[in-house]
Each structure stands twice: as structure tokens, then as C-alpha cells.
Amino acid sequence: MGDTMSFAHGGAARLVAGVVALIVFSFSASAQSYNQFVGFGDSTVDSGWWKAALPGNATQNPNKDPLIANSIAQGGTGAPVGAGYLMNSQLLASYFGLSAVPANQPGGSNYAISGALDAAVAGNGNAGNANPNPSLPSTVQQIANYLVSVGGHANPNALYYVSSGGNDLKVAPIGQTLAEYLTGQATLLANAIASLQAAGAKYTVVADSHG
């Protein structure tokens, strides 16, 4: 197993979380260098996946798609923050001289997508995202997609960052209590992180999005 560190942040306090991350890693920066940043999760870490997804109904939401497209047309990056601002994933990556380019853009390695759930929900049309597009992967699926892309061998010198869980509060399926549902989702995500580490990942930050 690799080294896993956890710190708390609120969903809205992205910049604060970034600063906390920098402080956490400042103690080991001189001893450990990373050659890649790899991100997984939801809007708390998404650095602009939507920009490369549009045009083309990225969410299949007639109300949201035009808003995203209009934001990008006005200089937005497709990330959940306005033009000129950075996500915590970008701040953390830049601290080590790395980038957090979305995985659907050239050279990108940040698989996070706004709206992602921890894992696909069978009782919700097997959707992996709070948006009604079945092709949008959950965080568990993002990790699986990354492992497929590297032939099952995770980069041992990469810094992995996982931030997910907030969207699951919105979609608990009928027939389960919220506690039962969240426990199941958290277990699936924990198993996916374990598979990532078993594949060779050594340095993983798991953000507590419910802090």
C-alpha cells in the first residue's frame, strides 16, 4: 500500500483546501519529487473537463449545457470556478511544478468531472454522475479508466488526488436509508483507491469533502 493522507475541506472552499494541501506537503517536498499529477473526483477537483466536452451535450441537460457553453465562450475554462481562478487540484499540482490538465484534453491526467458520484448507482439508472448523461463516469470508473489507460500499472512517482462524495448526498435511491447508501458508496470508492495503490500508486491524497 502507498502512503495515504487525508485532510478536510468544504465543497465551496476550494482555495482554502488548496492551501491546506500545500501545507501538508511542504514538509516532504524536499524529500519527494513527483513527475505527474493524477486527479479523480467531482467539481471539487475538476479543472475543466467540460471545455473539451462541448459542443455536444456534455451533460444532456437543456438548462445546464447552454450555461456551460456560454461560460466557456466568455473565457471560462470549463472548471467550476470563474475565468482567472484556479481549482485546488491546479494549485496542488503547481506546487510541485506539475499541471492538472483535464484527462480529455491533450496531455491531461485529471479525470475528475463535475457531478461525479463515488460509484454508479443501480437504483438511479446505473448513472455515475448527478447529471443525466449515462456516459459520464463515476469516481470509481475514473480510476478504472486511468488504470486501463496505463495497462494496469500506475505511475509510482505520481501524486494522486481523490476528492469525491458530496454529490452522493443528492441521489440516495428509494429503498435505502441515506446512511446505508453512503456507506456502500464509500466502500466502493475505498476499494477503487486500494486497487489504484495495488497497481503501483504510492502517494495518494484523499480529501474529506464532508469536512
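**Stop 1: the α5/α6 pair**

Select α5 (139-149) and α6 (178-198) in this predicted model. Their axes come within 9 Å and cross at roughly 15°. With a crossing angle under 35 degrees, α5 therefore counts as roughly parallel to α6. The crossing of α5 past α6 is left-handed.

Now show the side chains where the two helices meet. On α5, pick Thr139, Val140, Ile143, Tyr146 and Leu147. On α6, pick Leu188, Leu189, Ala192, Ile193, Ser195 and Leu196. Colour them by class: 9 are nonpolar, 2 are polar and none is charged.

**Stop 2: Leu196**

Keep α6 on screen and centre on Leu196. Which residues does Leu196 touch, leaving out those up to four places away in sequence? From α5 come Ile143, Tyr146 and Leu147. The others to select are Phe40, Ala154, Tyr160 and Ala201.

**Stop 3: the largest nonpolar core**

Widen the view from Leu196 to the largest nonpolar core, a set of 16 residues. Six members touch the most other members: Phe40, Ile143, Tyr146, Ala154, Tyr160 and Leu196. Next, colour the elements that supply two or more residues to this core. They are β2 (36-41), α5 (139-149), β5 (158-163) and α6 (178-198). Which element gives the most? It is α6, with 4 residues.

**Stop 4: a second core**

Apart from that core lies another, built from 14 residues. Select Tyr34, Val45, Phe96 and Tyr161, which are among its members.

**Stop 5: Asn88**

Go to helix α4, residues 88-95, and select Asn88. Is Asn88 buried or exposed? Its relative accessibility is 1%, so Asn88 counts as buried; the cut-off for buried is under 20%. Then add Asp46 and draw a line between the two C-alpha atoms. The separation is 9.0 Å, although Asn88 and Asp46 stand 42 residues apart along the chain.

**Stop 6: the whole chain**

Zoom out and switch to cartoon. The protein chain has 6 helices and 6 strands. Trace them from the N terminus: the order is β-α-β-α-α-α-β-β-α-β-α-β.

Colour by accessibility next. Of the 211 residues in the protein chain, 46% are buried. Finally, turn to contacts with a separation of 6 or more. Residues 24 or more positions apart account for 75% of these. Asn88 is one of the buried residues to pick out in this view.

Methods: Residues numbered from 1 in each chain as written. Predicted model: local features only at pLDDT ≥ 70, side-chain atom pairs only at ≥ 80, totals over all residues. Heavy atoms only, no water. Core = buried A, V, L, I, M, F, W, Y, C linked by side-chain atoms within 4.5 Å. Buried < 20%, exposed > 50% of the residue type's maximum accessible area, 1.4 Å probe, protein only. Contact = heavy atoms within 4.5 Å. Axes fitted to C-alpha atoms, helices over the stretch in contact; angles between N-to-C directions. Parallel < 35°, antiparallel > 145°, perpendicular 65-115°, else oblique. Left-handed = near helix turned anticlockwise from the far one by under 90°. Nonpolar A, V, L, I, M, F, W, Y, C, P; charged D, E, K, R; others polar.
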